[in-house]
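Got the structure open and some coffee to hand? Let's take a walk through it, residue by residue.

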Amino acid sequence: MENFDDTVFALGEVEALKRAVAIFKTVPSTLVGSGDDAAVVALNDHRMVVTTDTMVENHDFRTDFSTGFDLGFKAVASNLADLAAMGATPVALTVAMVVTKTTTQMWLEDFARGLQAGLDQLAPTAEIVGGDLASGEQIVIAVAAHGQLGDRQPVLRSGAKSGDIVAVAGTLGRAACGLDLLLHKDQSLAKAYDEWVAVQLRPNPPIQLGVEAGALATAMLDVSDSLALDVNRLAKASGVTIELSTGKLSGYAAVLELAAQSMTSRDGMERDPMDWVLFGGEDHSLLATFPESAALPRGFKAIGKVVGESAGLVLLDGQELSPKGWDSVSS
């Protein structure tokens, strides 16, 4: 009988991985999966899109409110969003992990279930095809995701043109609100607004919308660090001026108003939900620009416009918007 209280360290790499990998599903495009020196994946395009992301315990996540399942799901979601922002269809992912000497096999398998659940929900035709497991002082999760473009060109950050409509697919501000709820001294608030907490713990980026929009978008990127920061990145890469409208962003803030009021009533600190929308990260929504003459793809909402060429400037209702957000190195 398996003992799920056993630590990964006690079981050893081979046995721990054998049990965890058994959770993953296979897909037809994987010719050689986990278990050999490397995986072999069939592609219908000679171009492969590759992205990677690292999550470090006590810097990018905390295990006191994120379960192994949450972290597995989030690791998949954040990487798939980067592929979708290029207009690529996810095909395969590899996962490298550092676990501690106290990490249990139950936690590792819960993490594996989160990885698979993320694929089932967001990219059911992709597979976890391999990875690595090591021991260290804190948990580290590194995912590399691979996608393919089909017969289309990649959507870059540098393609926005004057006159383009700026639009978003997905949520804004909810993950940041969820994080503040989780960190609040009154823990009953996280339960009261569990929908926003869920976006923080298990983001749900619109992967398929990104793939579909790739045929029309002139520029696109994943909003991971904040809308303000990422729209500035797009403006600089494209050499354009972008103007956003508070009126068009107000709906994203309005749904968070009650949560803000509840937190304020508990601690007396005023909160503006628009700060979450503009400067909060981890929703992993998609920010894109589209030709003014074209109808916006389904699922995208206009929030502004490219108003001219420049060295890269972003305005909010005519005032410069500071590129404030999460910095994975200095934050």
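What follows is an informal tour of salt bridges, some strands and helices, and a few backbone oddities.

One thing to keep in mind from the start: this is a predicted model.

**The annotated domain**

In UniProt, an unreviewed entry carries the annotation "domain: PurM-like N-terminal" for residues 35-148. In the model, that span is 32% helix and 35% strand, and its end C-alpha atoms lie 23 Å apart.

Gln-148 belongs to strand S6, which runs over residues 140-148. With a relative accessible area of 13%, Gln-148 is buried, because the cut-off for that label is under 20%. Its side chain reaches the backbone nitrogen of Asn-44 at a distance of 3.1 Å.

Helix H3 takes in residues 68-85. From first C-alpha to last, its 18 residues reach 26 Å, close to the 26 Å expected at 1.5 Å a residue. How much of H3 is covered? Mostly covered is the verdict, with 16 of its 18 residues buried. Just after H3 comes Gly-87, which takes a positive phi of about 80°.

**Around strand S1**

Strand S1 spans residues 30-32 and includes Val-32. Thr-30 lies in S1 too. Is Thr-30 buried or exposed? It counts as buried, at 14% relative accessibility. The Thr-30 side chain makes a polar contact with the side chain of Glu-127, at 2.7 Å.

Val-32, by contrast, counts as partly exposed at 31% relative accessibility. Together with Leu-31 and Val-40, Val-32 forms a nonpolar patch on the surface, and the three share about 230 Å² of accessible area.

**Salt bridges**

The structure holds 13 salt bridges. Here are three of them, with the closest N to O distance for each.

| Acidic residue | Basic residue | N to O distance |
|---|---|---|
| Glu-15 | Arg-19 | 2.8 Å |
| Glu-282 | Lys-74 | 2.9 Å |
| Asp-267 | Arg-271 | 2.7 Å |

Take the Arg-19 and Glu-15 pair. Both residues sit in helix H2 (residues 13-21), and because they are four residues apart, about one helical turn separates them. An α-helix has 3.6 residues a turn, so residues three or four places apart point the same way. On the accessibility side, Arg-19 counts as buried at 16%, while Glu-15 counts as partly exposed at 29%.

Which parts of the chain does the bridge between Glu-282 and Lys-74 link? Glu-282 forms a salt bridge with Lys-74, and the pair links distant parts of the chain, 208 residues apart. Lys-74 is in helix H3, and Glu-282 is in the loop between helix H12 (273-279) and strand S10 (285-290). Lys-74 counts as buried, with 7% relative accessibility. Glu-282 is partly exposed, at 23%.

As for the bridge between Asp-267 and Arg-271, Asp-267 counts as partly exposed, at 24% relative accessibility. There is also a network of salt bridges that links Asp-225, Asp-230 and Arg-233.

**The loop between H12 and S10**

The loop that holds Glu-282 deserves a second look. Most residues other than glycine have a negative phi, and most peptide bonds are trans. Which sign does phi take at Glu-282? The value is positive, near 75°, in a residue other than glycine. His-284 lies in the loop between H12 and S10 as well. Its phi is also positive, near 60°, and His-284 is likewise a residue other than glycine. What about cover for His-284? His-284 is buried, with a relative accessible area of 6%, whereas Glu-282 is partly exposed at 23%.

**A last stop at strand S13**

Gln-319 lies in strand S13, made up of residues 319-320. With a relative accessible area of 57%, Gln-319 is exposed, since that label applies over 50%. How far from Leu-244 is Gln-319 in space? From C-alpha to C-alpha they are 9.6 Å apart, with their positions 75 residues apart in sequence.

Terms used:
Residues numbered from 1 in each chain as written. Predicted model: local features only at pLDDT ≥ 70, side-chain atom pairs only at ≥ 80, totals over all residues. Heavy atoms only, no water. Patch = residues over 30% accessible without salt bridge, like charges linked within 9 Å, V, L, I, M, F, W, Y side chains within 5 Å. Areas by Shrake-Rupley, 256 points an atom, 1.4 Å probe, with all protein chains shown as cover. Salt bridge = Lys/Arg side-chain N within 4 Å of Asp/Glu carboxyl O. Helix = DSSP H or I, 4+ residues; strand = E, 2+ residues; numbered from the N terminus. Buried < 20%, exposed > 50% of the residue type's maximum accessible area, 1.4 Å probe, protein only. UniProt positions renumbered as here; feature names shortened; annotations may be inferred. Expected span 1.5 Å × (residues − 1). Polar contact = N/O pair within 3.5 Å; in protein donor to acceptor, adjacent residues only side chain to side chain.
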